[in-house]
Amino acid sequence: MGISDFPDAFKGTRETKGVCPFNDQNDPVAMLLRFKDVRKAAHDYKSFISGAKPGRIVVPSEVNIRETRQIPFEVDPPEHTEYRALVEDWFKRPLQPEYEAGLERIVESELERVLRKGSIEVISELSLPIQSKALTLLLNIPMEEAKTWISWGVHVFRSEDSDLDGEKAAILYDYIDAEIDKVIENPDDSLYGVLLNSEYQGRKMTKEEVKGVLILTFAGGRDTVINYLTNTLAYLAEHPEALRQLEDNPELVNTAIEELVRYFSPLTHMGRVVAKEKEVCGHTAKEDTRISLCWASANRDEGVFENPNEVVLDRKMNPHIAFGFGTHKCLGATHARQLMKVFLRVLTKKVESIEIIDAQENIEDWGAHQRKVGFDSLQIELNPKK
Amino acid sequence: MAKITYITKSGETFEYEATSGNLMELAVKNKVPGIDGDCGGVCSCATCHVHVAPEFYGKLDAPSEIESDMLEFDDNVSEYSRLCCQIPVSDLVDGIKVEVAN
Ligand code: HEM
Ligand code: FES
């Protein structure tokens with residue numbers, strides 16, 4: 001098996017049972033594994049709610065390390081609709097030509113830097129810097145700020161040996177508090193400034209609400225984007241023909257970015273709390289217990305995808321749900337897609353070949369199932385085009 | 001060459017002529033409000049949902065199962081709903097009118 005193969009971890013259980021129980025800190029989760037069930041449950045926000053105790057819909061649960069409600073993620077309609085409308089246009093800015101050009105400058109200079117080195121560890125030396133610098137564009141703040149975030153290292157929200165490290169999480173929460181205070185003193189046109197000026201239900205957004213949006217923007221867009229970039233590099237290292245196809249046929253990028261996000265599904269699943277007892281796929285979801293929507297499993301469902309375990313860069317029909325589905329579908333998807341488009345374009349222009357030197361896989365443990373989601377470290381050699 | 005008309009939620013009309021591509025690409029290129037085409041046409045986002053004028057609906061190839069399933073969950077669905085990334089530009093659709101659903 002190649003380094004860039006990401007096996008379908010849930011196949012057996014998806015086909016035989018459809019639901020996988022997982023015990024998380026004595027608040028068990030029934031993971032829904034089939035495409036149709038996941039989409040249906042994601043759509044049914046009245047039965048399966050996000051607006052539970054803050055941290056509870058995340059698996060592993062963050063209720064013990066977080067009090068701030070993430071907005072709009074941990075809110076249900078109708079409140080969700082109003083919050084989301086406040087930020088929707090802001091998160092579409094990545095479609096503007098200036099934004100795309102900004103991403104291109106970031107990716108070009110980061111790639112040039114590592115090409116001079118030759119051999120690199122991808123996550124710390126390339127993916128994290130690109131992700132952090134790109135995020136300054138989304139927040140509309142000076143690029144300098146990325147230095148601070150890069151210095152936190154990859155594991156800001158988790159420590160090496162624990163997914164739930166309150167002290168680590170506090171670094172981010174304290175940082176965001178301080179930034180909000182700065183912008184209150186000196187209003188600007190960053191996401192902080194825009195949110196502080198926004199009105200929700202006819203009143204100004206509170207500091208706590210602004211913090212809730214920003215924690216989500218930092219947390220939701222960090223590991224996901226890092227894995228998307230890193231895994232893609234691993235894939236291209238082992239598929240040099242794909243690198244050339246992408247170069248010769250620039251249109252291919254449009255379907256390739258969707259296929260890569262389907263195959264890697266950087267966010268494995270997300271929970272919901274059951275508002276009212278309901279049957280799903282033979283499982284009785286009891287009131288106030290948790291289910292989860294397993295995007296990663298759904299995206300390998302053979303009933304929907306032909307050859308689900310193959311990367312088909314020109315897959316025409318690809319109704320993947322890697323960015324979620326329905327009410328809470330990913331707000332950062334426009335940014336993530338645009339970044340990957342630019343990344344592939346610049347990479348194929350500058351890089352001749354990529355060799356993998358060493359790889360340590362990052363395997364998530366979901367009880368009966370172990371899922372490879374990315375790498376803890378990936379050492380490669382990059383050979384520039386002449 | 002096919003002439004295609006989009007009518008937006010606010011009642012504005014946009015008319016274009018095209019020879020290739022699909023109805024989503026044409027709308028996105030011309031920034032027709034309400035058609036975003038987030039997924040680039042792979043049937044994963046439903047941000048290209050339109051209602052096809054009844055006299056044209058039957059002329060089109062029937063939607064695939066994937067498209068129908070996608071529409072099942074979208075807002076403002078009618079019996080004339082289509083994801084317009086799945087409607088190729090061709091002589092068959094010359095003169096077609098579609099209303100943007102969202
Ligand atoms: C490849 C990268 C990414 C993947 C795979 C991804 C995946 C997802 C998924 C599956 C959801 C749905 C969660 C649910 O239904 O509960 C979601 C929601 C969200 N994502 Fe992403 N995401 C990515 C990048 C980003 C980025 C870059 C940002 C912002 C910086 C972001 C911000 C958000 C926000 C704010 C939501 C919540 C939207 C709402 O509740 O209305 N994501 N993401
Ligand atoms: S453009 Fe995404 S479904 Fe049509």
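Colleague: How many salt bridges does a search of the whole structure find?
Modeller: The search finds 36 over all chains. A salt bridge here is a side-chain nitrogen of Lys or Arg within 4 Å of a carboxyl oxygen of Asp or Glu. This is a predicted model, so local features need pLDDT of at least 70, side-chain atom pairs count only at pLDDT 80 or more, and totals for chains, interfaces and linings use all residues. Residues are numbered from 1 along each chain, chains are lettered from A as written, and side-chain values use heavy atoms, without hydrogens and water.

Colleague: Which residues are linked in a network?
Modeller: D24(A), D27(A), R56(A), D288(A) and R290(A) are linked by salt bridges. Within that, R56(A) and D27(A) meet at 2.8 Å, N to O. They sit in two loops, 29 residues apart.

Colleague: Is R56(A) buried or exposed?
Modeller: R56(A) is buried, at 12% relative accessible area. D27(A) is buried too, at 17%. Buried means under 20%, exposed over 50%, partly exposed in between (1.4 Å probe, protein chains only).

Colleague: New topic. How many residues of chain A are in contact with chain B?
Modeller: 17 residues of chain A contact 16 residues of chain B. Contact means heavy atoms within 4.5 Å.

Colleague: And how many salt bridges between chain A and chain B?
Modeller: Three. One of them pairs E65(B) with K36(A), closest N and O atoms 3.9 Å apart.

Colleague: What is the make-up of chain A's side, by class?
Modeller: The side of chain A that touches chain B has nine charged, four polar and four nonpolar residues. Asp, Glu, Lys and Arg count as charged; Ala, Val, Leu, Ile, Met, Phe, Trp, Tyr, Cys and Pro as nonpolar; the others, Gly among them, as polar.

Terms used
Helices (H or I, at least four residues) and strands (E, at least two) are DSSP runs, numbered from the N terminus.
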